[in-house]
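Let's take a walk through this structure together. Have the sequence and the 3D view open, and we'll begin at the ligand.

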Amino acid sequence: MSLYQVNDGVAIITLDRPPLNTQGLPLRRYLDDALRASLNDLNVSAIIITGAGRCFSGGGDITEFNLPAGTQEPQAPALFERIEASSKPVVAAMHGMALGGGLELALACHARVAHAATQVGLPEVHLGLLPGAGGTQRLPRLVGVEKAVNMIVKGDVHSAASLSDSGLFDQVTEGDVLGEAMTLARKLVAEVSENKSPRRTSSLPCTMDNAQAFIAFARSTLKTPVGASTAAQACLDCIEAAVCLSFAQGMACESEKFRNLATSSQFAGLRHAFLAQRAAANVLDLPDGTTARKLKRVAVIGGGTMGSGIAITFANAQLPVLLIEREQAALDRALKTIREHYEQSVQRGKLSSATATARIALISGETNYAGVAEADLVIEAVFEDLEVKREVFQRLDAVAKPGAILASNTSMLDLDSIAAFTSRPQDVVGLHFFSPAPVMKLLEVVRGAQTAPDVLASALALAKKIGKTAVVSGVCEGFIGNRMIEAYLMQAGLLLDEGALPHQVDQAIEHWGMAMGPFRMSDMAGNDVGAKIRAARIERDPSRVYSGVSDVINSMGRHGQKTGRGWYDYHPGERKPAPSPEVQSAIIAHSAKVGLQRREIGYEEIVDRLVLALVNEGFKLLEEGIAQRASDIDVVYTAGYGFPLWRGGPMRYAEQRGLSDVVATLARFSTGPTYQHAEIFWRPAPLLCRLAKSGESLAQFNLKETQ
Ligand code: NAD
């Protein structure tokens, strides 16, 4: 097959590496060969670069990063320079997406034609990188410094239509991109034959009045979450170089900073998190050819905190929702909550009022189950009580149409028992949304013993449709996320008994990178909710040890933010939680009650006890087969629990730290206070010990498990 097609003197080079035409070594080699050949072809006077299938190009190939192919020639920066240096005009014809290296390739062309719906952007910063193939140097020359700073530092994706006046494109069209690109290419050929050289982006000036002051300001506004700021800073350094230095010097700066970032631990962690998310969408043992069921109409049972949030989530994805409540007053409350949610979105400028009205109209409500018969998917979000769930699922079994998926949003209850309330356990699955449902990315898909493969496939397809990150979990108390958080919260409480205060624990772990410390989190979730969960757990397993101070705080009516007091005091008008002297006294009194001499506890011990509690439980979940793979656990924690993305997740953290060191640290903690059953709590998971001893990696372990 020829490298390109010639149409009326124009060579059409087609990037063709499904699904996203990512620029791994094969594509780079192809582009290089096709470019060289078309430059040498006397029948060719202009070149168009376009993409086959869904898009122009999704950018660099992230899976290639630590492979030899990643460093083999041709490398993107030099290849793009050759494209720009071409004496024959080169036009990028873009559709679908041109992201990262995809957009950088287009920037190096002499002209760009895009379909209006093309998604364009330089999202490298989200991976802890910068656009390293000329993006930081060429983009400001086309769109100006201010817009380039916004696009590169924020890493947002835009439609070509929204950038049609930015200078980025020569033409944005709703019509035939290739046809328009042909017309433009011929026009450029005519210009070149008049002794004008093609317009090279690198030759354009890069200026802005007070550019350095603007960049300094941008630098000062960068949020600096621990460990995550380096890439954004480096992007700004490169744009500053574009303004202050020559193009070649700017490219050298970009290249050096890119290399530094590419070898940083932040990038390694973010890359892990990115690939982990991609892997999580694959269920290991789904039979080939399993197809998802069509889910067009949804019913949600229960319109409380979760039910109303879930209804909003579906309406946002343009799916009609029927909300069922047990009585009219509760239904009215739920529909009012939904309306208020949308009204607030309009007030905050997040939605147009027409869109909000359309979404509200997608949600209807009933107090009887008749309409459920129409639904392809029913999600139950009633009280967390097995008897209430029994009643609901028995009714659903009676009214739902054959083949409808019956899902439960339970956080803790046994999904198999719930499935057994129906005559169709194969259609039952857990869809564990997190609060607030429209915002939180994570969706735990709980696979019951009898959940049918196509039900699982449907749940994963649905997650994608509603913009959630799905992770499959087996059945156990709390599934992956809440089972692990329980161990973490237990340690947080016990640290108070020994000498720490809530704000010290929160500060230590937030400084380490968690979005929110355990006590701020408990105040948000409600300490009364936590108390109920603890009581239920102790009833089932009396060997569990929680700090009694949690119940003391709860019994003071300190239920958290909703009561204005919890582990902290919340003063009206002040956003920051204030440490409470009353809580401090209660904690000190409790230490005396359990016979402990309070001691100073350093950040390192606080962080280790919280994070390693997660890690050890994670290894147990992996060994029990509740999690399919270690990286799924990482996705649960980064997407659902505020674990720092750049650390990759708890399992990756453990591996980076060294499993032998993890085991040794657990052994040290196991000599803690006897009443805490420290020896039992910190007993390392057998799998953790095994891997620490053998040196086998988690990836190798998973590979073996799946063979
Ligand atoms: P909630 O108390 O806010 O709401 C439950 C709603 O269900 C109430 O409005 C109630 O009127 C309604 N209801 C009860 N029985 C009903 C019936 N037979 N038919 C129709 N409606 C009925 O509770 P929630 O916080 O929304 O939790 C709901 C479920 O979601 C629970 O299983 C919970 O464990 C789970 N969950 C909660 C959270 C959270 O953060 N709140 C997070 C994830 C999962």
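Which atom of the ligand does a polar side-chain atom of Lys389 lie 2.6 Å from? An oxygen atom: that is the partner of the polar side-chain atom of Lys389, at 2.6 Å. This counts as a polar contact, meaning a pair of N or O atoms within 3.5 Å; within protein, one must also be able to donate a hydrogen and the other to accept it, and residues adjacent in sequence count only if both atoms are side-chain atoms. The protein covers 80% of the 830 Å² of accessible area that the ligand has on its own (areas come from the Shrake-Rupley method with a 1.4 Å probe, and for residues only the protein chains shown count as cover).

Before going on, keep in mind that this is a predicted model, where local features need pLDDT of at least 70, side-chain atom pairs count only at pLDDT 80 or more, and totals for chains, interfaces and linings use all residues. Residues are numbered from 1 along each chain as its sequence is written, and side-chain values use heavy atoms, with hydrogens and water left out.

Back to the ligand. Backbone atoms take part too: an N or O of Met306 sits 2.8 Å from a ligand oxygen, and one of Gly304 sits 3.5 Å from a ligand oxygen. In total, 23 residues surround the ligand, each with a heavy atom within 4 Å of it. Met306 and Lys389 are among the closest, along with Glu325, Glu384 and Ser411. By type, the shell divides into ten nonpolar, nine polar and four charged residues. Here Ala, Val, Leu, Ile, Met, Phe, Trp, Tyr, Cys and Pro count as nonpolar, Asp, Glu, Lys and Arg as charged, and the others, Gly among them, as polar.

Helix H11 (305-316), helix H14 (386-399) and strand E15 (428-433) each bring at least two residues to that shell, and H14 gives the most, with three. Helices (H or I, at least four residues) and strands (E, at least two) are DSSP runs, numbered from the N terminus.

Now for the largest nonpolar core, which has 71 residues. Such a core is a set of buried Ala, Val, Leu, Ile, Met, Phe, Trp, Tyr and Cys residues joined through side-chain atoms within 4.5 Å; buried means under 20% relative accessible area, exposed over 50%, and partly exposed in between (1.4 Å probe, protein chains only). Ile480, Trp567 and Phe619 have the most contacts inside this core, and helix H23 (residues 603-623) gives the most to it, with eleven residues. Domain 2 (298-476) and domain 3 (482-706) both contribute, so the core lies between them; the domain bounds come from an automatic or database assignment.
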